[in-house]
Amino acid sequence: MINHSKPVSENLQKKVIDTIRKYNYNPSVHARYLAGKKSRLLGFIMTNYINQYQLLLFRYLNEFACKMGYGCIIRYCNSGFEEILEVLKELEIRGIEVCFSLFLISQEEEAYIKEHLNIKVCHMQSPEMHLNIIEKNESSVYEAVCYLAQLGHRKIGGIFCTDETENSFLTARKRGFLRAISQMKLDKEDALIVYLHGECERSSLISAMEKIFVPHKLQTALFCYSDEAAIEVMSWIMKHGYRIPEDVSVLSFDGIPFAERVTPSLSTISQPVEYQAKCIINGMLYLQDGIERPCDEKENKYLLHIRDSVGIPGH
């Protein structure tokens, strides 16, 4: 009855549900696999470096998977395709039919997986997700930088993390930033923008700050590609005697809960994490059974939260 495999009367359904609640029964995904000859597990490949946004995303992924009667198996690895491939082979052996990768997978890599493995793989930019993530990332950063310009900021710096995927959501954030700089006719000095590669550690961020914080040529605002990077950046700024936001405003991306708790509280663009998780689970199930489960597009909102880290330049 839990699997809705056979029709039952409402009276019997109510009795079974009441008994489940009374004894706090949770069906074993392994037992269901043995009984139904079909895995009730979804696979997830996560990065070895997990930030707070990713933890929040997985919390909702696990929650929505459980609501749909599925369990989750997580594997952690580095970004190399060979390592991802080994994880996929392991998940396939365990009977998992669909896997979500937090790493973006190129078209060539997807073609290789389809040719050599049976497991289906998706990621944030897969069409089955219906997340419109490229456009949303670019437009939200564009609007945020325009907001800084409207406050009077003319020299706005940027710290971006780039990857090997040409059209990723990370490069979309960079495009949104550069489009705003161009259209608002702001200072385009190359020295104000730094590109980091791969998993960006604290040492990389410090090097970036030393490059763009040049005396007598200071920017009045700074955009960071993620909240966690921005928190490190704010720490560096204040340790070097600058005030936030009086000397420099700081704005970032992700909307992690901790951003509101640091001092000064961090201005950020929040992502619709719960909506993203719903779309991912629905997309994974579509790859498995071909049934569309549309999400409400109205929930796909990227919101700009202005807090204490952003102010009018010189005030």
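Buried means under 20% relative accessible area, exposed over 50%, and partly exposed in between (1.4 Å probe, protein chains only). The model is predicted: local features need pLDDT of at least 70, side-chain atom pairs count only at pLDDT 80 or more, and totals for chains, interfaces and linings use all residues. Residues are numbered from 1 along each chain as its sequence is written, and side-chain values use heavy atoms, with hydrogens and water left out.

**Exercise 1.** Determine the backbone sign and the burial of Asp254.

Solution. Step one: Asp254 lies in strand β8; helices (H or I, at least four residues) and strands (E, at least two) are DSSP runs, numbered from the N terminus. Step two: phi of Asp254 is positive, about 135°, although the residue is not a glycine. Most residues other than glycine have a negative phi. Step three: relative accessibility is 7%, so Asp254 counts as buried.

**Exercise 2.** Carry out the corresponding analysis for Asn132.

Solution. Step one: Asn132 is placed in the loop between β4 and α6 (133-150). Step two: its phi is near 50°, a positive value in a residue other than glycine. Step three: with a relative accessible area of 37%, Asn132 is partly exposed.

**Exercise 3.** Locate the cis peptide bonds that precede Pro245 and Pro264.

Solution. Step one: Ile244 and Pro245 are joined by a cis bond with omega about 5°, and Pro245 is in the loop between α9 (227-239) and β8 (249-254). Step two: the bond from Thr263 to Pro264 is cis, with omega near -5°, and Pro264 lies in the loop between β8 and β9 (267-270).
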